[in-house]
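Student: I would like a close look at one part of this model, with its empty spaces and the elements around them taken in turn. Please keep the account connected.

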Amino acid sequence: MKILKHPNIVKLLEVINTEETLFIVMEYLSGGNVFTYLEAQGCLTEGEARGAFRQLVSALQHCHQRGVVHRDVKLSSLLPDANNIKISDFGFSKHWHPRKKLDTFCGSPLFTAPELFLRLPYTGPEVDVWSLGVVHSTPRRTP
């Protein structure tokens, strides 16, 4: 995560590794996550969803260009911050390379790409793109 610096990715501030514990200090966002936001506020308007989707595409493109695949994009790993949305929870993230396949099944089943369920090797970014499509298909209220 140290190589990821983007306005729509939660900032890693510090890593402290002791003999017994690894501490990861990250930016604090008080707004909860998108899942709880949608439960409380209802669905997004088309304009809100479009803006959030653009931000998420930009953040994932940043990750993929730096060789990082998230592998667990879901509503609860997206954090609202004023007029922005930030990706967090990089616990399943992994470095990827276009010529090397990954084969680990991980992520949240509702947002997981079919190739993972089929236990097929995958490059990486395509599973994030699938999950982003599922996030985007979350119902929106009409204006």
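Which element gives the largest share of the lining of the second largest cavity?

Tutor: The structure is a predicted model, and in it the element in question is H4, which contributes three residues, the largest share of the lining of the second largest cavity. That cavity holds about 50 Å³ of space, and of the 13 residues that line it, the closest to its centre are Arg71, Cys106, Phe111, Thr112 and Ser131. By class, its lining consists of six nonpolar, four polar and three charged residues. When the whole structure is searched, two cavities of 30 Å³ or more are found.

From H4, which spans residues 125–136, one can pass to H2, since the two helices are in contact: Phe53, Leu56, Val57, Leu60 and His64 on the H2 side meet Pro125, Asp128, Leu132, Val135 and His136 on the H4 side. Sorted by class, the residues of this contact are seven nonpolar, two polar and one charged. The axes of H2 and H4 come within 11 Å and cross at roughly 170 degrees; because angles over 145 degrees count as roughly antiparallel, the two helices are therefore roughly antiparallel to each other.

H2 leads in turn to the largest pocket, where it provides five residues, the largest share of the lining. The space in this pocket is about 250 Å³, and of its 13 lining residues, the closest to the centre are Leu44, Ala52, Ala82, Asn84 and Ile85. The elements that give two or more residues to the lining are helix H1 (34–41), helix H2 (46–65) and strand E5 (84–87). Divided by class, the lining of the largest pocket has seven nonpolar residues, five polar ones and one charged.

H1, one of the elements that contribute to that lining, can be followed from end to end. Its N-terminal end is capped by Asn33, with a side-chain oxygen of Asn33 lying 2.9 Å from the backbone nitrogen of Phe35. After H1 comes Gly42, whose phi is positive, near 90 degrees.

Technical notes
Residues numbered from 1 in each chain as written. Predicted model: local features only at pLDDT ≥ 70, side-chain atom pairs only at ≥ 80, totals over all residues. Heavy atoms only, no water. 1 Å grid on protein atoms, 1.4 Å probe; cavity = no way out; pocket = protein on both sides within 12 Å on 5 of 7 lines; lining within 4 Å. Points joined across faces, edges and corners; volume = space filled by probe spheres on them. Helix = DSSP H or I, 4+ residues; strand = E, 2+ residues; numbered from the N terminus. Nonpolar A, V, L, I, M, F, W, Y, C, P; charged D, E, K, R; others polar. Axes fitted to C-alpha atoms, helices over the stretch in contact; angles between N-to-C directions. Parallel < 35°, antiparallel > 145°, perpendicular 65-115°, else oblique. Contact = heavy atoms within 4.5 Å. Polar contact = N/O pair within 3.5 Å; in protein donor to acceptor, adjacent residues only side chain to side chain.
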